[in-house]
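Biologist: I am new to this structure and should like to go through it step by step. May we proceed by question and answer?

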Amino acid sequence: MLALNARQHGPKLRHLRRANKRPSLRLLAGTLIASCGLWSPAPTFAGSIALIDVDAREASRGIERAHLTLPVTAGPVTLLYPKWLPGEHAPTGPIASLSGLAMSVAGRAVTWHRDEVDMYAFHVDIPAGASVLDIDLEVLAASAPSGLAADRMSTESLAVILWNRFVLYPAGQRSDDLLYQAHLRLPSGWQYATALPRLGASDDGVQFAPVSLTELVDSTVLAGRYFRTIDLGAAPAVALHLAADSSAALAMSNETIEHFRTLVVEATALFGPAHYRHYDFLWALTDRFPTEGIEHHESSDNRTAERTLLDDTLRRAHAGLLAHEYAHSWNGKFRRPASLATSDFSQPMRGDLLWVYEGLTAYLQEVLAARSGLLSYPEFLADWGLLAGRMTFQRGRSWRPLADTTVAAQVLYKQPPEWESRLRSVDFYEEGALLWLEADALIRQKSQGKHSLDDFCLEFFSGPHSAPIVATYDFDDVVAALNRVQPYDWREFWTARLSRLREEAPLEGLRASGWQFTWSDAPSVMQRADEAASRHIDLRYSLGLIVRDEGAVVVDVIPGSPADAAGITPGSALIAVNGRKWSRDAAHDAISTSASDPAAIQLLIQKDDVFRNFELAYHRGERYPLVQRSAHTRDLLAQIARPLSRGGKAVNR
């Protein structure tokens with residue numbers, strides 16, 4: 001996913017959170033299966049095409065309907081609802097929102113029953129002589145994310161259509177080998193975009209070409225009343241599609257458009273030839289969805305606040321989002337950990353290599369955002385300070401190694417934010433970015449500037465241009481590729497960092513790049529952007545609190561902080577600070593004056609139905625993370641941020 005910017009993504013983007021593909025995926029570990037890796041038509045389980053007709057005309061109500069026509073043969077069959085979704089690294093298929101399920105043959109009802117163990121499986125007895133099974137179903141979306149319920153994916157003016165929500169498919173079949181043809185009905189007057197090949201449109205909707213189930217699920221549709229498409233050039237062609245809740249929100253500046261055009265150039269300079277036939281950025285601009293980014297092979301599904309393109313602060317907060325998801329077309333979709341390359345959507349995924357899939361992408365998102373101009377160099381530096389600050393205050397590192405966050409990703413993505421600093425979350429994004437910075441700095445130093453992580457990316461992700469294909473890898477492949485770029489004990493390097501337990505954040509890469517982590521009494525532009533986008537007041541570096549703007553609710557309490565020592569609990573509501581009604585300004589005033597005031601900071605807090613006063617012994621004033629140049633050192637971050645397309649690469653390629 002996370003996109004991420006991993007900070008504000010939902011499952012993926014919230015942690016630099018946290019994102020499917022086209023041709024058939026031949027999942028042979030460590031091998032590029034050219035003969036089967038093209039999403040070409042394949043035989044269905046009954047030698048025919050399954051039809052799916054999705055009616056999204058009532059999507060704004062949270063109701064989407066589908067009619068499926070599946071080729072069948074007589075006898076018992078088990079139909080599966082997609083559970084493990086590529087890019088989400090977790091069993092997130094919204095089975096609890098499936099409604100109105102009815103099956104029939106030639107107009108006569110057929111009884112189905114759910115498996116008693118696997119809630120995503122439905123058993124059906126197909127009567128003799130039947131060749132087609134008709135299925136009707138609804139998906140009902142929740143207004144807010146809640147467990148296995150479908151998240152809201154529509155407003156009065158736009159919708160994100162996720163095909164996995166409407167699909168049933170036969171057990172025991174590879175998703176590559178099942179052929180589906182989709183038809184979509186949208187509200188009148190709406191425009192749309194998708195990587196899915198289209199046959200034509202009529203008053204009755206849009207007809208798409210037959211594709212494998214793999215490709216269908218990988219081809220999100222963005223639709224809306226207010227819509228804009230921007231050609232980003234390149235070959236293969238890349239386009240940026242915007243749908244928003246207002247026409248004003250579509251006003252992307254020419255300068256920003258040029259930055260995205262540069263992003264395409266910089267990404268192909270970094271990774272080599274593309275493995276897509278065309279690429280579509282799909283960007284929903286709405287305040288009704290949580291921020292998110294989900295990668296697909298030929299597109300990406302991006303969702304941010306409605307005014308992202310109008311408000312410079314929000315623009316900065318999401319500057320790395322599209323860079324993150326675009327990089328996934330190479331790192332995650334083309335090259336994919338074998339443990340994540342499953343043959344269908346019921347097979348569990350194992351996330352042990354998410355520190356490559358997501359961690360490396362989190363690092364490259366920062367690099368590509370800087371090289372493309374989406375982040376200025378001062379903003380790039382401020383973002384590293386912010387990232388280092390958050391990881392410095394991640395106390396769960398003392399009991400849970402980074403490797404465990406990758407293995408446990410399937411539960412951590414849905415973990416609530418309360419006590420996150422004690423538990424750890426999907427830290428393979430942000431801590432992974434710090435570790436890949438260390439690896440980059442090490443390569444540059446060991447090679448006397450002749451090589452860098454850019455060479456690893458070209459080595460590992462390049463290949464002749466092709467339609468979407470998948471080449472899997474394992475830990476040994478990563479180590480071998482790094483050694484081809486710069487000989488070193490990379491196995492020990494990664495094994496030690498993934499398995500160690502220590503409270504200190506891994507800031508060696510920053511120091512090796514000529515920068516040191518320190519503190520400022522004023523927030524950076526990226527700190528302000530992060531708070532604006534997340535709608536939180538981030539006081540973790542002073543009082544030890546993260547507070548949600550809405551309701552002034554404590555989201556997290558940092559272990560060992562003044563708030564923790566005082567006994568404050570996440571979920572509590574802040575009522576007053578130093579005798580004044582709680583507000584952002586009142587909180588900052590109290591913290592600022594604490595440096596010269598010997599009195600403790602007084603907080604009035606409501607927890608459950610009880611009001612209590614808390615005293616916080618804090619006297620350091622305002623405190624925010626910052627990176628500062630180390631004397632007599634080379635600025636490797638400046639070299640890393642230099643665009644490759646402008647001759648910035650000082651190494652052999």
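**Strands and helices**

Modeller: In this predicted model, β12 and strand β16 (residues 221-224) form an antiparallel pair over 4 bridges.

Biologist: In β16, which residue is the bridge partner of tyrosine 192?

Modeller: The pairing of β12 with β16 is antiparallel. Within it, the bridge partner of tyrosine 192 in β16 is alanine 223.

Biologist: Which strands stand at the edges of the open sheet in the order β9-β16-β12, each with a single partner strand?

Modeller: The sheet consists of 3 strands with antiparallel pairing. Neighbouring strands are turned by 15° against each other on average, direction ignored. Each edge strand has a single partner, so one side of it is left without a neighbour in the sheet; these strands are β9 (158-161) and β12 (191-194).

Biologist: In the sheet β6-β7-β3-β10, which residue of β10 stands opposite leucine 79?

Modeller: This open sheet has 4 strands, and the pairing is antiparallel. Its edge strands are β6 (112-114) and β10 (169-170), each of which pairs on one side only. Strand β3 (residues 75-80) is joined to β10 by 2 bridges. The residue of β10 opposite leucine 79 is proline 170.

Biologist: Are α7 and α11 oblique or parallel to each other?

Modeller: The axes of helix α7 (residues 377-392) and helix α11 (residues 430-446) come within 10 Å and cross at roughly 120°. An angle from 65 to 115 degrees would count as roughly perpendicular and one over 145 as roughly antiparallel. The crossing of α7 and α11 therefore counts as oblique.

Biologist: How many nonpolar residues does the contact of α7 with α11 have?

Modeller: On the α7 side the contact involves Trp384, Leu387, Arg390 and Met391, and on the α11 side Glu430, Glu431, Ala433, Leu434 and Leu437. By class, no residue is polar and 3 are charged, while the number of nonpolar residues is 6.

Biologist: At about what angle do α13 and α14 pack?

Modeller: Helix α13 (residues 475-485) and helix α14 (residues 490-499) have their axes 9 Å apart. Phe475, Asp476, Val479, Leu482 and Asn483 of α13 make the contact with Trp490, Arg491, Trp494 and Thr495 of α14. These residues divide into 5 nonpolar, 2 polar and 2 charged. The two helices are oblique to each other, and the angle is about 130°.

Biologist: Over which residues is the pLDDT below 50?

Modeller: The protein chain averages a pLDDT of 91, and 91% of the residues score at least 70. One stretch, with 250 contacts in the model beyond near neighbours in sequence, has a pLDDT below 50: residues 3-44.

How values were computed
Residues are numbered from 1 along each chain as its sequence is written. This is a predicted model: local features need pLDDT of at least 70, side-chain atom pairs count only at pLDDT 80 or more; totals for chains, interfaces and linings use all residues. Side-chain values use heavy atoms; hydrogens and water are left out. Axes are lines fitted to C-alpha atoms, for helices over the stretch in contact, and angles run from 0 to 180 degrees between N-to-C directions. Angles under 35 degrees count as roughly parallel, over 145 as roughly antiparallel, 65 to 115 as roughly perpendicular and the rest as oblique. Contact means heavy atoms within 4.5 Å. Ala, Val, Leu, Ile, Met, Phe, Trp, Tyr, Cys and Pro count as nonpolar, Asp, Glu, Lys and Arg as charged, and the others, Gly among them, as polar. Two strands pair if DSSP finds at least two bridges between them. pLDDT is the predictor's confidence in each residue, from 0 to 100.
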